[in-house]
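Dear colleague,

Here is the structure I promised to hand over, together with its sequence. Please have it open while you read the notes that follow it.

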Amino acid sequence: MTYYKMTRFSGIAPAVSSRLLNEQFGQTAQNIDFEAGRVTPITEETTVGPVLASTSKGSVFYHDSQSPRWLQWDEDYVKAVEGPIPGDEHDRLYWTGEGTYPKMSHHDAIASGSAYPAVSYRLGIPAPAALGVSSVNGTIDPDVEPIDVAYVMTWVSNFGEEGPPSPVTATKSFTPSTQSITITRPSLPSGNYAISAAQGDFPQAALWRLYRSAVGATQASFLLAKEDNIAETTFVDSLEPAQLLEVLPATTWIGPPDDSALYPDGPMQGLIPVANGVFAGFTGKRLCLSEAFLPHAWPIAYRITVEKDIVAIGTTGNGIVCLTEGKPYFVTGTDPSAMVAVEIDLAQACINKFSVVDMGDYVLYAGPDGLCAISSAEGKVVTEGLISPKQWNADFAPSTIKAFKHEGTYVAFHGTTDGWVFDPRGAESAISTTTSSAAVRGGWHNPKDGTLNVIIAGLIRKYRGSATNQSAVWKSKKFVAPNPVSMSWVHLHAGSYPASGTKNGIKVWADGVLIAQYNLTKSGNVFTQETTTPSNISNITLQAPTMRLPVAIATEWEVEVSGVVNINEVCLAQSVEEINAT
């Protein structure tokens, strides 16, 4: 006797003939969570947070600060990162992708308006213009050998961030015991920097620091001579060498690539946090790294150039994945000054920056031949054997998807309501299709609780946040009998059998012809078979969820189940005894 029983369910594998699929794979798998190995419908979205200021918003971020707020931007590739200092009382936030330069802000400025972030500042501290240095005042001490000195200064922002030094002044010779030199700072920089004499809601008033060259040093070095509020514009130097303080630390602490003509590829994009308090971003072919725990400082020496333009970057447990228009790179090292880029032997360019998702130990992205994974210095096409390159480009919209992480799965949306999910959690990777209520413009994955929030029609919607299930659909492979047979019965074991709303549906095909379409409901201990196909069969009551099929003799048999409840088992059999015996 011929008998087909399905007790384990998985996703689709369109690259494989429907006749050659393993029994757990389906031809159709829609709105299903396969983690438990059965047909488990996913839930609908639910609205969280405020209504967005407009339906054109493309990026959101939940700033979990003293007064948590949803931040929103028109641009669709804003990458926001919380400050690297644990317990930062000012809740600083850094981001790229808005406007013409990377930005930062803090809680009080972000929350100072009605739309957030209300106020932001340019990320990085500029080098000051040239200092003004007076002639030497006073009379030289004939009993003391004069010292030669030169000066530089730095700005210190309202957040205490020190920038790179000004140009070095001309050398002056004087005896500090009887002479002095007056130093005049340059005008304040323009360009929306957090450099203000008033403290206001800032942690401190901005400062300027004056450094003087060290006497007798074997290498050029500058020591702190004076720190003052920027409201003060001059300093009279008569300090003895022993009165100077610490060495200038910020020689290389320039800002990230911005709208300056120095950066023909534009401002830094794709901001991400890396281990040990380091941030990373990119522009053109250059990967940029910050000083550890100093997100305003991006030394040129920490920049790594790769062969092709960078499309997006991501992190794994021990490095940075750099995805380009050519081969990917893995950048590793324990210090940003000594990071090394290794080209990965995977001929798969990144064709869509919105497809890149950090999955924890590896990064997934859309390549020309399929969904690709990079883990450390190894890469592979994870959909190889499941989706052909032709199917990938025709049916899965790799160049237009917007993808996100959700509870260990890769969720991709495209078009007006379409999407698909790659689930690597089971014994074999499962691919299923999914739907959304409208087009997804962007979204944000909350790493603290694993939730995914997407932008739909001017609303922030929590993916699978509702208690209401979507309708799941799963269609089996083509079961091929050795000889033509008549399958007389179909059995459906579900978690429940709704009597109204979306009911449990079942369809059976014989040699490609739909021979049966039923809905199965239950009231008390009695099941009801509601029949659509064949049209000449009336609804009947049953004592078990086992339904007779119309007479048909065929070689290929297929079955489809649908509904909003869990489905545990589906059977096709020639006799009821076969079903009851298993």
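Leaving aside neighbours within four places in sequence, Ser213 is in contact with Asp148, Val149, Ala150, Ser221, Phe222 and Leu244. Please keep in mind here, and for everything below, that this is a predicted model. Ser213 belongs to strand 18, which covers residues 207–213, and with a relative accessible area of 12% the residue counts as buried.

A second serine may be set beside it. Ser65 is found in the loop between strand 6 (59–63) and strand 7, and it is buried too, at a relative accessible area of 11%. With neighbours within four places in sequence again left aside, the contacts of Ser65 are Asp91 and His107.

I then turned to the charged side chains. The structure holds 24 salt bridges, and I describe some of them here. Arg19 forms one with Glu556, where the closest N and O atoms are 2.3 Å apart. Because Arg19 lies in the loop between strand 1 (3–6) and strand 2 (26–30), whereas Glu556 lies in strand 48 (residues 554–563), this pair ties together parts that are 537 residues apart in sequence. As for the surroundings of the two partners, Arg19 is partly exposed, with a relative accessible area of 41%, while Glu556 is buried, with a relative accessible area of 15%.

Another salt bridge joins the side chains of Lys402 and Asp76, with an N to O distance of 3.8 Å. Lys402 sits in strand 33 (residues 402–406) and Asp76 in the loop between strand 7 (69–73) and strand 8 (79–82), so this pair ties together parts that are 326 residues apart in sequence. Here Lys402 is the buried partner, with a relative accessible area of 15%, and Asp76 is partly exposed, with a relative accessible area of 37%.

What is the closest N and O distance in the salt bridge between Arg92 and Asp88? In that pair the two atoms are 3.0 Å apart; Arg92 is buried at a relative accessible area of 14%, and Asp88 is buried at 15%. Beyond such pairs, there is also a network of salt bridges, in which Asp33, Glu35, Asp423, Arg425 and Arg464 are linked. As general background, side chains of opposite charge can pair when their charged atoms come close.

The last part of these notes concerns strand pairing. Strand 22 (residues 279–283) and strand 23 (residues 286–289) pair in the antiparallel sense over 4 bridges, and within this pairing Ala280 stands opposite Leu289 of strand 23. The two strands form a hairpin with 2 residues between them, and in the turn Gly284 has a positive phi of about 60 degrees. On strand 23 the pairing continues with strand 24 (residues 304–305), likewise in the antiparallel sense, over 2 bridges. Which residue of strand 24 is the bridge partner of Arg286? That partner is Thr305. When you look at these strands, it may help to recall that in a regular strand the side chains alternate between the two faces of the sheet.

If you go through the model yourself, the hairpin formed by strand 22 and strand 23 and the salt bridge between Arg19 and Glu556 could serve as places to begin.

With best wishes

Terms used: Residues are numbered from 1 along each chain as its sequence is written. This is a predicted model: local features need pLDDT of at least 70, side-chain atom pairs count only at pLDDT 80 or more; totals for chains, interfaces and linings use all residues. Side-chain values use heavy atoms; hydrogens and water are left out. Two strands pair if DSSP finds at least two bridges between them. A salt bridge is a side-chain nitrogen of Lys or Arg within 4 Å of a carboxyl oxygen of Asp or Glu. Buried means under 20% relative accessible area, exposed over 50%, partly exposed in between (1.4 Å probe, protein chains only). Contact means heavy atoms within 4.5 Å.
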